[in-house]
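Biologist: I'd like to learn how to read a model like this one, feature by feature. Could you walk me through it?

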Amino acid sequence: MMSPMQDLMASLPLAYPELLLVGFALVGAVIGAWGGDKTFGFLSGVGALVIASAGLWAIADRPEAAAELFQGAMVADGFGVFAKALIGLSAAATMLLGADHFRTINEKRFEYPVMVALAVTGMFVMVSAQDLITLYVGVELQSLAAYVLAAWRRDDARSSESGLKYFVLSAISSGLLLFGASFVYGFTGSVRFDAIASAAAEGAGGVGLTFGLVLMLCALGFKMSAAPFHMWTPDVYEGAPTPVTAFFAAAPKVAAVALMTRVLYDPFAAIEAQWQQVVVALSAISMVWGSFGALLQSNLKRLMAYSSIANMGFVLMGIASGAERGPAAALIYLALYLPATIGIFALILAMRRAGHAVETVGDIAGLAQRRPWMASMFTMLLFSVAGIPPFAGFIGKLLVFTAAVDAGLIWLAVVGAIAAVIAAAYYLRLLSTIWFSPPAAALQPASGTIVFTATTAAVLTFPVLVFVLGFLERWADWAVSRSF
Amino acid sequence: MSELIAGWPILSILTFLPAAGALWILAARGPMSGQNPGFDRGVKLIALIVTIATFVVSLFAFAAFDPNGEGFQLVENIPWALGAAYRLGVDQVSMSLILLTTFLTPICILASWTIEKQVSAYMILFLVLETLMIGVFCAMDIILFYLFFEGGLIPMFILIGVWGGSNRVYAAFKFFLYTLLGSLLMLVAIVAMIGIAGTSSIPELLAYAESTGFDPNLQIWLWLAFFASFAVKLPMWPVHTWLPDAHVEAPTAASVVLAAILLKMGGYGFLRFSLPMMPDASHFFTPFVFTLSVIAIVWASLVAFRQVDIKKLIAYSSVAHMGFVTLGLFSGTEQGIQGAIFQMLSHGVISGALFLCVGVVYDRMHTREIACYGGLVNRMPVYAAIFMLFTLGNVGLPGTSGFPGEILTMLGAFQINAWFAAIAATGVILSAVYALTLYRKVAFGNIENPKLDAITDLDGREWVMFVPLVIATLVMGLAPAYVLDFTAPSAQALSQAYLGAAP
């Protein structure tokens with residue numbers, strides 16, 4: 001048994017990514033307080049760099065075997081490392097979008113990079129949580145920063161409304177999470193995942209444990225905006241500034257998915273039969289509801305909100321499909337989904353008219369005639385999110401279908417297939433507006449950063465993927481095999 | 001000629017040459033975008049050169065191909081992720097369909113010469129579409145097959161939606177969503193098959209189906225999922241309703257590709273997957289498929305008779321002709337399968353040519369209504385003669401390529417069930433009824449519509465378009481053995497394996 005001091009010294013090197021982020025947040029806050037909003041550009045640039053390198057550091061410095069940190073409060077393992085890399089890269093990309101956007105609309109406030117860094121810290125803690133307390137701390141750190149970000153444009157009524165709505169609904173889900181965690185603690189006698197796992201394997205807890213787990217699942221479903229806990233998503237997506245929406249659509253989703261996977265496959269692996277039905281139900285409802293809901297939307301961001309709900313349904317299909325293939329499929333699905341969704345938001349940001357970004361589907365009418373390149377990128381990204389081959393999103397769908405069919409959940413795969421067709425209808429509606437409608441008024445030229453982000457995302461959806469997919473697959477398998 | 005290309009990845013070159021042409025146009029368009037007639041002309045020329053080059057490459061592949069060889073040839077195999085691999089290879093059936101594709105695409109580009117709207121986008125999409133079509137027939141990995149198979153929806157969707165007729169958006173949606181639903185169900189079945197057989201390679205799946213075989217109860221479900229995709233694509237009655245809409249609204253060249261090649265993917269799918277991989281289920285469902293086929297033949301012929309729109313009439317005649325294809329395929333006899341393959345190739349040429357014929361008068365009059373025409377023979381004698389030939393081919397007159405396919409499929413079906421063959425035979429009569437009526441109304445009589453007075457006969461470009469098609473129709477009709485001997489090894493192997501697996 002190591003002394004607490006020895007343990008701390010041994011743990012610190014493995015927690016460098018988190019420490020780096022916290023360090024940036026603290027120092028950045030001081031620099032910002034000293035230099036005022038002039039430092040916005042500098043802090044954003046450095047922040048994006050720090051966040052990306054924190055994610056890459058996690059990968060570069062990955063432990064060979066899972067290693068406990070801070071007396072078992074956290075763990076550094078392959079799964080966490082993979083999720084951290086995804087979170088770091090996507091958060092950095094959206095941060096750059098935000099820096100550019102807020103400069104354009106003159107909302108330069110230095111707290112933005114600091115808040116994003118804190119949210120990312122929370123996500124890193126979430127994905128490496130190894131007991132219920134750490135889990136809750138991570139979730140709350142991430143959420144609190146996210147509320148502030150959602151209400152970033154404080155003079156804008158919709159942005160404030162979105163922040164408030166997010167806060168109130170999210171607080172309820174946090175309550176559920178705590179309530180469920182207290183049940184779990186009460187029936188197993190521990191907050192540590194390994195102790196819960198062995199208690200669950202011995203059959204301790206019974207209905208009480210299941211009850212606690214279901215409450216926790218509801219809360220986590222809320223965080224990843226799975227139906228029927230998705231109600232906040234369209235409003236928050238619509239109200240929040242677009243780069244913040246892009247941020248919400250990417251990094252926190254990874255964190256929530258990774259956390260849910262870890263909770264299900266680590267402490268509750270023994271009662272898979274109980275939670276599988278719940279996850280299957282969440283998955284089916286999300287896919288169907290997300291697809292139908294999006295059909296009726298005319299606001300681009302609301303439409304993307306429903307699209308993300310449906311996509312989370314597909315991720316949940318992966319999670320529901322058992323340890324052999326499920327988590328790896330869910331991870332790869334996310335890795336392929338993130339660039340596409342960030343790219344779409346970048347394009348939405350890029351299309352500005354009379355000082356305002358486009359909002360409704362009608363605003364992008366006839367884009368193919370005004371901006372053929374942009375329209376082509378939009379097309380690739382949308383088809384990728386819709387899962388149409390040969391674009392990247394298709395591989396994700398293929399993997400979760402494979403996982404589900406192997407796990408005997410054929411009917412879920414069929415529901416997914418039908419939902420994907422319904423979803424294709426609204427992606428096609430966007431595309432038909434872009435390609436088939438007479439062009440709307442001319443657009444302002446877009447900034448370089450945003451166009452660069454969108455182009456990178458579009459290139460990632462197909463040409464690069466052919467060569468990268470093999471690596472990605474090996475990484476995901478490695479990540480999962482070292483963890484569960 | 002085959003030594004010239006020894007060691008070359010000829011199928012990859014063939015598949016991706018059109019896509020490279022698309023990149024060429026893309027690179028050229030950067031500095032010169034905008035409304036520039038000279039540039040548009042250049043783009044059309046690039047597309048034409050690339051598609052002709054692709055045709056030449058396909059001739060090289062054909063030369064390197066051993067007509068008597070068994071199984072897949074010209075194989076390429078590069079490992080990829082997910083257990084899948086980039087595997088290409090062709091057998092006699094796919095080789096002939098590839099030749100059909102590469103033969104028709106330059107003609108389609110010529111037919112698109114009158115396009116004026118967003119020319120470079122149009123040509124890029126067309127070239128990408130050709131890559132995807134060739135890829136479908138080359139793919140020897142089921143995942144790769146699916147990539148190409150479904151990827152083809154995207155360029156077609158945009159082609160119909162941007163350059164189509166007045167109701168084009170509706171038609172594009174219907175086309176895409178109908179086919180997608182079928183495809184996704186097939187994807188679930190593909191995933192299940194890979195899980196059971198442990199491989200995604202088509203030859204290995206075929207070997208597994210022959211040696212071990214999929215569980216007969218499971219086969220029923222797999223068969224239905226594949227059927228959902230291929231029946232929509234083919235299309236079979238009653239899931240054909242997307243076809244008339246898509247055909248009517250699509251620009252001429254897209255109609256040609258749709259009728260001549262995309263529909264064949266359904267037949268090719270039955271031939272490659274349903275029959276050899278799920279023989280028990282195919283036997284089980286044969287009466288069902290036969291019933292749908294003869295309904296398609298008779299009913300679609302009757303519907304075709306009542307059409308007022310030329311393109312719609314031809315679209316319904318396609319549904320009827322595809323009924324012969326499924327009839328022949330599911331008879332499982334060698335004649336039936338040979339006839340089905342022949343019918344697919346012949347229908348590719350003839351229906352493509354008929355859509356081009358419609359395109360010729362549409363370009364001049366901008367209407368497809370039968371009633372607006374009449375007496376064309378007085379002003380356009382050459383056109384009338386060519387249209388006559390293809391009409392007769394559509395009817396299945398001996399001496400044209402329409403005949404051997406129909407007679408062989410009926411022969412094949414007759415051996416299984418004489419009644420179905422008898423009902424199908426009435427389809428031949430009905431096809432004469434609607435096709436000749438159409439011809440009479442359009443070509444014969446006096447000119448009633450004053451606008452037709454100034455209509456001109458074929459110009460040089462249109463001559464170039466039609467001559468190869470006329471030759472193909474007559475050669476395939478007068479000397480069908482060239483084609484039948486070529487496809488015989490595949491058809492024999494398939495038929496023997498299929499009938500051998502009969503319960």
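Modeller: Sure, we'll go from whole chains down to single residues. Keep in mind that this is a predicted model.

Biologist: Let's start with the overall fold. How many helices and strands does chain A have?

Modeller: Chain A has 20 helices and four strands. Its radius of gyration is 21 Å, close to the 23 Å that the globule rule gives for 484 residues, so chain A is as compact as a globular protein of that length. The C-alpha trace of chain A spans about 70 × 60 × 45 Å along its principal axes.

Biologist: And what about chain B, how many helices and strands there?

Modeller: Chain B comes with 20 helices and two strands. Here the radius of gyration is 22 Å, close to the 23 Å from the globule rule for 503 residues, so chain B too is as compact as a globular protein of its length. Its C-alpha trace covers about 70 × 60 × 45 Å along the principal axes.

Biologist: What share of each chain is buried?

Modeller: In chain A, 62% of the 484 residues are buried; in chain B, 60% of the 503 residues count as buried. You can also look at how far apart in sequence the contacting residues are. Taking contacts in chain A with a separation of 6 or more, 79% are between residues 24 or more positions apart. For chain B, 81% of the contacts between residues at least 6 apart join residues at least 24 apart.

Biologist: How do I read the nonpolar core?

Modeller: The general idea: in soluble globular proteins, nonpolar side chains tend to be buried together. In this model, the largest nonpolar core has 397 residues. Those with the most contacts inside it are A:Val120, A:Ala255, A:Leu259, A:Tyr333, A:Leu334 and B:Val188. Take A:Ala255: leaving out residues up to four places away in sequence, A:Ala255 touches A:Ala83, A:Ile87, A:Met123, A:Met126, A:Val127 and A:Gln142.

Biologist: Now the interface. How many residues of each chain are in contact with the other?

Modeller: People often give the size of an interface as the accessible area lost when the parts come together. Here we count residues instead: 25 residues of chain A are in contact with 26 residues of chain B. On the chain A side, the elements giving two or more residues are helix 16 (372–386), helix 17 (392–406), helix 18 (410–436) and helix 20 (465–481). Helix 18 of chain A gives the most, with twelve residues. By class, that side has 20 nonpolar, three polar and two charged residues.

Biologist: Can we zoom in on one helix? Where does helix 9 of chain B bend?

Modeller: Helix 9 of chain B bends by about 30 degrees at B:Phe227. To check a helix's length, compare its expected span with its ends. At 1.5 Å a residue, the 18 residues of helix 9 (residues 216–233) of chain B should span 26 Å, and the end C-alpha atoms are 25 Å apart, which agrees. The buried residues of this helix include B:Trp223, B:Phe226, B:Phe227 and B:Phe230. Its buried residues pack against helix 7 (168–197), helix 11 (252–277) and helix 12 (279–305) of chain B.

Biologist: Last one: is B:Phe137 buried or exposed?

Modeller: B:Phe137 is buried, because 28 other C-beta atoms lie within 10 Å, and the cut-off for buried is 20 or more. B:Phe137 sits in helix 4 (residues 119–138) of chain B. Setting aside neighbours within four places in sequence, B:Phe137 contacts B:Ser94, B:Leu97, B:Ile98 and B:Tyr268.

Definitions and conventions
Residues numbered from 1 in each chain as written. Chains lettered and ligands numbered in written order. Predicted model: local features only at pLDDT ≥ 70, side-chain atom pairs only at ≥ 80, totals over all residues. Core = buried A, V, L, I, M, F, W, Y, C linked by C-beta atoms within 7 Å. Buried ≥ 20, exposed ≤ 12 C-beta atoms within 10 Å, placed from the backbone. Contact = placed C-beta atoms within 7 Å. Nonpolar A, V, L, I, M, F, W, Y, C, P; charged D, E, K, R; others polar. Expected span 1.5 Å × (residues − 1). Bend = angle between axes of the 7 residues up to and from the residue. Rg over C-alpha atoms; globule rule 2.2 N^0.38 Å.
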